[in-house]
Amino acid sequence: MAAELKLVDNGTAEQLCLQEKAPSRPRSWHVSRKRFVVILATFTCIAVVGSLTIILLKMNRHSTGGLPILPAWIFSTINSTKDPCEDILGFSCGQQLNITKMKIHSKSPNPGQQQIFEILRSSLENSSTNLSSAEEKAKKFYYVCSNLSQIIATGRLAFRETIKKIGLTNSTNINAVLQKIMKDYNTYPFFKLNLVFDPQNTSKYAIQIDRPEFHFEPDIKFLGVSEGETMKIAGPVLAITSVLRSMASKKETDNPFFQRITISELQRNAPGINWLECLQATFESISMKPSDHVYVHDLPYLTNMSKYISEYHKISVLNFYMIASFFQTVSPALDPRFTQAKRKITKTSDKSKEEPTPPWKKCVFDTHNAFGPVVEAMFIQDSISEKKQKMVTELVNEIRSALQTMIVNNQLTSEKTRKATLERLKSITVHLDQQTSAEELNVMDTLYSEFIVTDSYFESYLQYLKFAKKWKMERMKTTSWQNSSLGSPLSTVPYRSHEKKIIYFPAGMFQEPLFGEDYPRAVYYGGIGTVIAEELIIMLADFENGLSSWSASQEFLNCLQVQLQNDTIHIDSHKTWAERKGMEVAYHAYESRLNTDWCESSLANLESLTKRQMFFVTYAQIICETSGKASAVEAEFRVKGLYNSFLFQREFGCSAKSSRNPYGEMQHLNSTISAECFHY
């Protein structure tokens with residue numbers, strides 16, 4: 001008689017039980033032996049878990065028995081008064097929804113991003129030994145940034161001395177001053193320069209020229225102007241800003257692309273700027289000539305801007321405009337009260353009450369700007385343990401395996417299509433963040449060797465501005481760091497490149513509260529696992545290039561819209577479908593894990609939900625979280641796709657008479673929906 005293992009979902013690991021099937025054929029020693037091994041393994045698991053539980057209970061009478069605890073942030077959003085079979089959105093995210101205002105909101109910032117900041121703060125504040133030179137400089141930079149009393153005491157004087165040193169107060173040569181502040185201080189008053197890989201030859205550099213960022217100007221008195229001259233200067237400086245802004249294209253769609261032209265062509269179109277000298281001064285290590293190409297965005301703006309400043313009658317006012325631009329660049333290193341004032345001036349018109357950025361978080365921002373690769377390496381070191389690295393790798397591999405199985409078993413497509421899809425899946429490279437090697441640390445030490453961090457934050461910040469472009473150029477030469485173009489490890493969203501066939505899952509995705517080493521797998525399979533599967537499916541389908549072998553996406557979307565009786569929502573059908581299919585893939589991967597991991601435990605603080613039910617709840621909560629400020633109707637549209645899932649209906653035991661159950665009595669559904677809609 002064969003034995004079947006079954007794990008009681010709403011119990012603890014001690015509640016493992018055996019259920020015997022009715023005998024279908026005579027026993028054999030082979031079958032009995034297999035049964036014996038299974039029973040022995042089961043009771044061994046029970047014994048181990050039971051022993052650990054007894055030990056924990058002896059240590060703490062209020063212990064949960066070693067069961068994983070649902071993350072507080074996720075737990076707090078569940079509204080158990082709702083029926084998941086009728087309102088899975090309200091059940092999963094009920095405490096997070098404001099249906100009256102039709103907005104999804106959270107009282108706190110993105111919890112994943114908040115956790116990342118906390119990890120970075122700890123990394124920068126903790127005293128450590130055996131640090132590399134670059135790591136020591138990054139920590140000191142953070143420390144002097146946090147010394148507010150020193151910044152307030154010396155910032156104003158240091159700023160005035162610097163603008164005198166540059167010659168901004170009395171220069172008559174606009175091009176000479178412009179070249180200096182672009183070269184040494186990363187400041188672009190009239191246009192912005194950026195260095196990228198050439199789109200036509202990624203082994204070479206390309207220079208992009210764009211219009212600048214326009215800001216409201218700061219208090220002119222701080223710029224070294226006397227009380228009597230304040231009004232004389234403030235008006236013209238603000239007027240220049242207004243004129244330049246009016247020259248820019250009104251909409252991004254007016255000039256969506258960068259135009260490739262030679263430097264000499266640019267000079268003919270915008271003769272008021274000495275372009276070759278400005279570019280050579282800014283990127284001094286790159287040899288240039290007039291016939292070299294650059295990429296220009298909004299050429300009409302550059303043409304009108306050069307004519308305007310070349311004909312402007314008061315050079316002193318142009319100097320003060322450049323001083324104001326320089327102030328915008330160095331304002332993070334000055335008295336924080338000026339930054340707060342600037343935030344009040346530029347606050348959006350929605351009158352929302354924005355919480356001021358804590359000083360420590362502002363210093364984390366600044367330190368990452370100055371020591372990006374160093375800070376990111378520290379983050380990976382402190383947030384991705386060996387255990388977590390193994391968990392993430394296993395999760396990705398199991399998701400891929402489940403997707404492969406789904407492709408093989410898809411009988412709606414031809415064998416040729418299945419084979420081609422499997423080959424495409426095999427060609428996709430998944431990039432995960434790894435611990436920084438000793439060799440890479442040495443490279444960072446070399447890159448930052450000329451960066452001198454002093455006890456003055458203003459001086460240290462000027463050092464950062466002076467060498468910023470040099471570091472970027474050096475990093476672009478380094479093969480091991482070219483993956484930085486994929487995105488930052490601090491991001492919480494994946495990046496994919498159809499051209500390179502790469503998906504990058506940054507370390508920031510695998511942080512609490514959505515991913516934890518001690519969480520039950522249901523939480524991160526239903527959440528992060530679904531995201532991973534969705535990205536793989538989108539890469540497989542390659543909707544943008546019309547290579548999709550999945551024909552059911554639009555049909556699925558249409559079925560959803562009919563069921564919800566809402567035809568006014570405009571949702572990306574491909575993404576909606578890929579998200580739903582990703583959930584199915586992640587669920588099957590989770591099922592496979594449960595079949596091999598008999599000791600998978602339920603939740604200590606939510607025993608009313610089975611592990612499989614928690615999978616679906618986490619999936620819904622991920623949608624609520626990633627919807628951000630999107631309308632609740634949109635989130636409802638996405639989450640309620642669960643009703644079309646037989647897996648969901650089965651695990652929650654939804655009634656066949658439920659209007660949400662397409663697998664029950666079909667007369668409860670709109671007659672225009674066919675049963676076939678629910679099998680994609």
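In which sense do β10 and strand β11 pair, and over how many bridges? The two strands pair in the antiparallel sense, over 3 bridges. That detail belongs to a small sheet region we will come back to below, after a quick look at the whole chain. Please keep in mind throughout that this is a predicted model.

## The chain as a whole

The chain contains 25 helices and 11 strands. Of its 680 residues, 50% are buried. If you take the contacts between residues at least 6 apart in sequence, 72% of them join residues at least 24 apart.

## A sheet of three strands

Let us return to β10 and β11. Together with β9 they form an open sheet of 3 strands, in the order β9-β11-β10 and with mixed pairing. The edges are β9 (429-432) and β10 (495-497), each of which pairs on one side only. On average, neighbouring strands of this sheet are turned by 15° against each other, direction ignored.

In general, strands of a sheet pair through backbone hydrogen bonds, either parallel or antiparallel. Here, β9 and β11 run parallel and are joined by 4 bridges, whereas β10 and β11 pair in the antiparallel sense. β10 and β11 also form a hairpin, with 4 residues between them. In that turn, K501 has a positive phi of about 55°.

If you would like to follow the pairing residue by residue, there are bridge partners to look up on both sides of β11. From β9, H431 has Y504 as its bridge partner in β11. From β10, R496 is matched with I503, and S497 with I502.

Which way do the side chains of β11 (residues 502-505) point? I502 and Y504 point one way, while I503 and F505 point the other way. In a regular strand the side chains alternate between the two faces of the sheet. All four of these β11 residues, I502, I503, Y504 and F505, are buried.

## Helices and how they pack

Two packed helices are described by the angle between their axes and the distance between the axes. Helix α7 (residues 174-185) and helix α12 (residues 315-330) pack at an angle of about 5°, and their axes lie 11 Å apart. Angles under 35 degrees count as roughly parallel, so α7 and α12 are roughly parallel to each other. On the α7 side the contact is made by I174, V177, L178, I181 and Y185, and on the α12 side by I315, L318, N319, M322, F326 and T329. Sorted by class, this contact has 9 nonpolar and 2 polar residues, and no charged ones.

Two other helices can be compared with the span expected at 1.5 Å a residue. Helix α14 (residues 359-370) has 12 residues and reaches 17 Å from its first C-alpha to its last, close to the expected 16 Å. Its buried residues are W360, K361, C363, V364, D366, T367 and A370. Helix α16 (residues 386-408) has 23 residues that should span 33 Å, and the 33 Å between its end C-alpha atoms agrees with this. The buried residues of α16 include M391, V392, L395 and V396, and also K388 and R400.

## Three buried residues to look up

The table lists three residues that are worth finding in the viewer, with their places and accessibilities.

| Residue | Place | Relative accessibility |
|---|---|---|
| I116 | helix α4 | 2% |
| S132 | loop between α4 (111-125) and α5 (133-146) | 12% |
| C624 | helix α23 (residues 611-626) | 1% |

Why does S132 count as buried? Its relative accessibility is 12%, and buried means under 20%. Leaving aside neighbours within four places in sequence, S132 is in contact with L441 and D445.

I116 counts as buried because its relative accessibility is 2%. With neighbours within four places in sequence again set aside, I116 is in contact with F379, L490, T492, G508 and Q511. I116 and M509 are 393 residues apart in sequence, and their C-alpha atoms are 9.5 Å apart in space.

For C624, a relative accessibility of 1% makes it count as buried. The C-alpha atoms of C624 and T77 are separated by 9.9 Å, although these residues are 547 residues apart along the chain.

Key
Residues numbered from 1 in each chain as written. Predicted model: local features only at pLDDT ≥ 70, side-chain atom pairs only at ≥ 80, totals over all residues. Heavy atoms only, no water. Expected span 1.5 Å × (residues − 1). Buried < 20%, exposed > 50% of the residue type's maximum accessible area, 1.4 Å probe, protein only. Pairing = 2+ DSSP bridges. Axes fitted to C-alpha atoms, helices over the stretch in contact; angles between N-to-C directions. Contact = heavy atoms within 4.5 Å. Parallel < 35°, antiparallel > 145°, perpendicular 65-115°, else oblique. Nonpolar A, V, L, I, M, F, W, Y, C, P; charged D, E, K, R; others polar.
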